[in-house]
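Take a moment to turn the model around before reading on. Then follow the text from the whole chain down to single residues.

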Amino acid sequence: MTTRLGRGQCGAHLTLLFTVDDLAAELEEQGSIGAGLCIEDGTEAIAKGEGGESSLVVSFLGEGCISTMYEEVLEVLCSEIPEAGELAWELSIRVRLPVSQGFGMSASGAIAAAIAFQRALGIPHEECLRRAFLVAHIVERRRSSGLGDTTALAAGGVERRLVAGSPYCGPRLENGPGNSEGWTLNTPVLLSWKAETGVHTSQYIDDPRWKDRITGAGEEQMDKLSVGVWNQSRWSELIEASRCFAEASGLSADASRSALLSTVSRAITTANLSEVVCPLLCMLGESVVIVPRNAESDGKFFDRLSGELEVAGLSTFRSRVGPLV
């Protein structure tokens, strides 16, 4: 049998504010409303399928990940496309950012892998993309590793999620219960995080007390952000809503996050950029995304700021808001 090759790629997603909507019986109807940033850098997957007993071997280039997630991606995909279960697969994963730090890397990896498997099988582009979002959403909800990242990535850019749920579902992969939209100016951003691994998302979204606080804070901000046209005129409003959410939810008061914000703020002050940039918590990691107050900025000042952050013992990564999907 001929060797089949496919490649998939997906950027990361930075959740800035959200709710927890996980009570629906069907996984496709669970998720969150909220807002965040889809960025260019994320995960690349290369799939190779050959004749033989059904199997999957996963290898990683860069940051270590968990192979069981990719096994679940293939399992869910096989329920949609039985042919995928008739091959011996090798899957190579390259990630550009750390996992469990609020960068949506589980969703990014699941989407990239689902695309790679399907491209190897010759599935047409639009069908492949829609099914990848559905498969990734199901895997995310099964594992409690995310809520709305796949719905956000289905929009791209600076996104808002207006209705919780998968963006696509059903045998024809028509629009699902989830609804999101985005805009982009390819705004540069700077990510910064502690070297230690962050707390797993499930420790928050599966905890009743955190769920109530997070959802209440998210709903309050989305009551404002969900009204009106969603475009670059809302940039400053999104920044303010993100800061209000972090405070009202109690997430910014966590000792580790509070210390991180203090360190980043000092670096921004030292770099004389307090009037130019703003640090926002990435939910639910121990990380921040530093954004320009002007969405049209070229971000050249990030080189100076990155140096200050690294002197303070933090890791940094430059990226930009990605395109619309």
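What follows is a walk through this structure, from its overall form to a few local details.

This is a predicted model: local features need pLDDT of at least 70, side-chain atom pairs count only at pLDDT 80 or more, and totals for chains, interfaces and linings use all residues. Residues are numbered from 1 along each chain as its sequence is written, and side-chain values use heavy atoms, with hydrogens and water left out.

Start with the whole chain. It holds nine helices and 12 strands. Both are DSSP runs, numbered from the N terminus: helices are H or I with at least four residues, and strands are E with at least two. The radius of gyration, taken over C-alpha atoms, is 19 Å for this chain. The globule rule is 2.2 Å times the number of residues to the power 0.38. For 325 residues that rule gives 20 Å, close to the chain's own value, so the chain is as compact as a globular protein of that length. Along the principal axes, the C-alpha atoms fill a box of roughly 60 × 40 × 35 Å.

How much of the chain is buried? Of its 325 residues, 55% count as buried. Buried means under 20% relative accessible area, exposed means over 50%, and partly exposed lies in between (1.4 Å probe, protein chains only). The accessible surface of the chain comes to about 13,300 Å². Carbon and sulfur atoms own 47% of that surface. These areas come from the Shrake-Rupley method with a 1.4 Å probe; for residues, only the protein chains shown count as cover.

Now look at contacts, meaning heavy atoms within 4.5 Å. Take those in the chain between residues at least 6 apart in sequence: 77% of them join residues at least 24 apart.

Next, find strand β1, residues 4–18. Of its 15 residues, 11 are buried, so β1 is largely enclosed by the rest of the structure. β1 pairs with strand β2 (residues 34–51) in the antiparallel sense, over 14 bridges. Two strands pair if DSSP finds at least two bridges between them. One bridge links R4 to its partner G49 in β2. In a regular strand the side chains alternate between the two faces of the sheet.

Move on to an open sheet of four strands. Their order is β10-β11-β9-β12, and the pairing is antiparallel. The edge strands are β10 (277–281) and β12 (315–320), each pairing on one side only. Neighbouring strands of this sheet are turned by 25° against each other on average, direction ignored. Between β10 and β11 (residues 287–292) there are five bridges. L281 has V288 in β11 as its bridge partner.

Two helices lie across this sheet. Helix α7 (residues 235–249) crosses β10 and β11, running at about 45° to β10. Helix α9 (residues 302–311) lies across β9 (188–193), β10, β11 and β12, and runs at about 0° to β9. Axes here are lines fitted to C-alpha atoms, for helices over the stretch in contact, and angles run from 0 to 180 degrees between N-to-C directions.

Now for some backbone details. Most residues other than glycine have a negative phi, and most peptide bonds are trans. A cis peptide bond joins M283 and L284, with omega about 15°. L284 sits in the loop between β10 and β11. S100 is not a glycine, yet its phi is positive, about 55°. S100 is in the loop between β4 (87–95) and α2 (105–120). S100 has a relative accessible area of 32%, so it is partly exposed. S144 also has a positive phi, near 55°. Its loop runs between α3 (125–143) and α4 (149–153). At 12% relative accessibility, S144 counts as buried.

Visit R172 too, in the loop between β6 (168–169) and β7 (174–175). R172 counts as exposed, at 69% relative accessibility. R172 and E127 are 45 residues apart in sequence, but 8.8 Å apart in space, C-alpha to C-alpha.

Finish with the cysteines. How many disulfides does the structure hold? A search of the whole structure finds zero. C78 is in none; the nearest cysteine sulfur, that of C128, is 14 Å away. A disulfide is a pair of cysteine sulfur atoms within 2.5 Å. C78 is partly exposed, at 22% relative accessibility. Why does C278 form no bond? The closest cysteine sulfur, in C244, is 11 Å from the sulfur of C278, which is too far for a bond. C278 is buried, with a relative accessible area of 0%.
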